[in-house]
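Visitor: Please give me a close look at a single part, the interface between the chains.

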2 protein chains.
Amino acid sequence: MTNQPYALAIHGGAGTILKSTMTPEREAAYKAGLHAALKAGEDVLRAGGSAVDAVTASVCALEDEPLFNAGRGAVFTTAGRQEMDASIMDGRDRSTGAVAGVFGPKNPVLLARLVMETTPHVCMIGDHVLELGRKAGLEFPEADYFFTQARWDALQDTLAMQAKGEDDDDPARRHGTVGAVACDRQGNVAAATSTGGWTGKMPGRVGDTPMPGAGNFAENATCAVSGTGHGEVFIRYTAGAEIAARMRHRGESVIDAARHVVMQDLGQNDGSGGVIAVDAKGVLTLPFNSEGMYRGWVQEGTAPEVAIYDE
Amino acid sequence: MTNQPYALAIHGGAGTILKSTMTPEREAAYKAGLHAALKAGEDVLRAGGSAVDAVTASVCALEDEPLFNAGRGAVFTTAGRQEMDASIMDGRDRSTGAVAGVFGPKNPVLLARLVMETTPHVCMIGDHVLELGRKAGLEFPEADYFFTQARWDALQDTLAMQAKGEDDDDPARRHGTVGAVACDRQGNVAAATSTGGWTGKMPGRVGDTPMPGAGNFAENATCAVSGTGHGEVFIRYTAGAEIAARMRHRGESVIDAARHVVMQDLGQNDGSGGVIAVDAKGVLTLPFNSEGMYRGWVQEGTAPEVAIYDE
């Protein structure tokens with residue numbers, strides 16, 4: 001049994017905020033949210049817990065924080081609804097679970113984990129999986145728990161632009177996902193990702209988050225990845241699987257592989273955003289091609305760090 | 001502009017039937033269905049049409065044939081409903097569209113194509129995309145159009161086994177998907193896939209078909225792929241993307257890459273099934289690790305061929 005230093009990285013979305021519109025108060029609030037999510041995951045790892053449990057804890061914390069576009073504070077579709085996607089993957093055996101288009105569970109990532117652990121399936125949608133969640137005792141808060149005025153106002157702006165025939169290409173409304181990757185002391189990796197999607201997405205849109213190999217991926221032999229950004233491009237370029245494939249077939253490091261996919265495959269093809277990734281030695285990398293990415297990371301024995309811009 | 005011989009392959013599911021239970025009459029009916037679907041796609045290619053149009057035509061023909069588990073004749077969930085997944089991908093620019101869990105359109109692949117061509121999204125679920133299909137004039141037959149007694153009886157068998165706590169591991173009820181891959185005279189490739197999923201799948205289960213890079217993939221630089229089999233394993237091993245990755249990064253031929261993924265990655269990990277694949281030179285391959293795969297293929301200037309077992 002290996003007993004190596006653990007490593008953990010998290011993100012709270014990429015390209016979602018311009019430096020020009022940031023205030024010191026907002027920045028402090030985002031950083032506090034990132035620190036809390038890092039701590040939730042690190043507490044698991046420090047106690048000898050698994051990477052799967054660590055990424056679950058970090059993503060739950062990010063879903064609970066309304067500043068981030070997942071769980072509480074998720075964005076709205078054109079129909080004024082919140083539809084959430086989430087997934088989790090265990091690098092030990094590539095087992096994975098995902099849900100798409102759900103509204104109800106406080107923590108969509110826990111519903112994804114339920115799919116992974118208790119069904120023969122990988123991805124589920126619709127009422128039945130919600131019922132599975134209720135029966136399993138997951139928390140289902142009142143609907144207004146998820147509502148935030150800022151996201152509602154953002155939708156009204158988007159709808160007004162759509163009514164005038166203008167494209168809403170403000171990345172602050174297009175992006176936003178949360179995620180975590182971890183490598184535990186046993187050298188096992190895992191990834192979890194959760195999102196509300198785009199502000200003003202069509203009802204029923206499924207993004208890259210619940211597609212293993214696109215926005216979320218984990219395999220001990222290569223790496224764990226969680227992505228955030230223009231999900232449709234992450235799907236078309238199978239971003240997570242391609243980072244792993246470059247490591248597997250070209251022998252690239254996780255740093256070089258993730259950088260290539262983010263800067264070339266995605267960056268050259270309208271795929272703004274970024275990823276966080278970790279390999280089974282605990283090497284972390286957090287590349288992004290957008291103006292900023294809310295992110296944090298910690299390795300055993302070092303102090304947790306958080307950042308927003310390319311600092 | 002290249003002007004090379006076209007190539008087309010189709011499948012109607014893998015592992016779905018044991019030689020011991022096949023009759024000459026059934027075999028003839030399946031082969032006639034495969035020939036009709038090959039002809040539909042080849043007619044497009046012979047007239048100088050695109051690979052995207054050819055795979056659309058072939059998959060529509062397979063969806064219309066109740067012997068195959070897609071469109072008319074789709075299998076039933078534990079709740080006695082039919083929920084269909086479909087996708088299409090254009091190798092020229094990796095544009096792709098998919099739908100999951102839909103019931104209504106005569107040809108789910110046409111709804112997937114509508115997502116690709118008319119929305120900013122890749123994958124859609126739920127009522128809104130059905131409404132888009134109706135507005136676009138897609139055909140929505142009466143619900144009983146899709147019903148077949150044989151699939152209903154198969155569900156009753158599965159439910160009876162579930163009630164006794166027995167696993168239904170009969171591949172005839174677990175598998176079944178249709179798909180097509182083509183390379184047109186311009187050297188452009190495309191793939192399309194459509195399915196009813198598993199007999200006795202949980203309501204809301206989404207398989208590999210609507211996940212680009214899992215059960216369906218197309219990119220001119222490598223290949224077009226359509227898969228059929230145990231979809232959950234195709235997702236975990238990102239089957240389509242991995243075939244392309246072996247070509248891109250290791251320089252393998254489409255034949256070697258597809259064989260490796262089907263026999264090793266899938267075959268060694270409970271992933272029974274197969275794929276059809278074509279590269280931009282028109283090289284076709286149709287490997288499977290199950291007892292049989294309904295399949296057909298044609299290259300310009302040769303006679304169409306169909307097969308079921310490892311013949």
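**The interface of chain B and chain A**

Guide: Happily! Across the interface of chain B and chain A, there are 2 salt bridges, each defined as a side-chain nitrogen of Lys or Arg within 4 Å of a carboxyl oxygen of Asp or Glu. This is a predicted model, in which local features need pLDDT of at least 70 and side-chain atom pairs pLDDT 80 or more, while totals for chains, interfaces and linings use all residues. Side-chain values rest on heavy atoms, without hydrogens and water, residues are numbered from 1 along each chain as its sequence is written, and chains are lettered from A in the order in which they are written.

B:Glu242 is in a salt bridge with A:Arg248, with 2.8 Å between the closest N and O atoms. Polar contacts join 18 residue pairs between chain B and chain A, both partners at pLDDT 80 or more; such a contact is a pair of N or O atoms within 3.5 Å, one able to donate a hydrogen and the other to accept it, and residues adjacent in sequence count only if both atoms are side-chain atoms.

On the side of chain B that touches chain A, the elements giving two or more residues are E3, strand E4 (123-125), H4, strand E7 (205-206), helix H7 (231-236) and helix H8 (239-250) of chain B. These are DSSP runs numbered from the N terminus, helices (H or I) of at least four residues and strands (E) of at least two. H8(B) gives the most, with 7 residues.

Overall, 40 residues from chain B and 40 residues from chain A take part, contact meaning heavy atoms within 4.5 Å.
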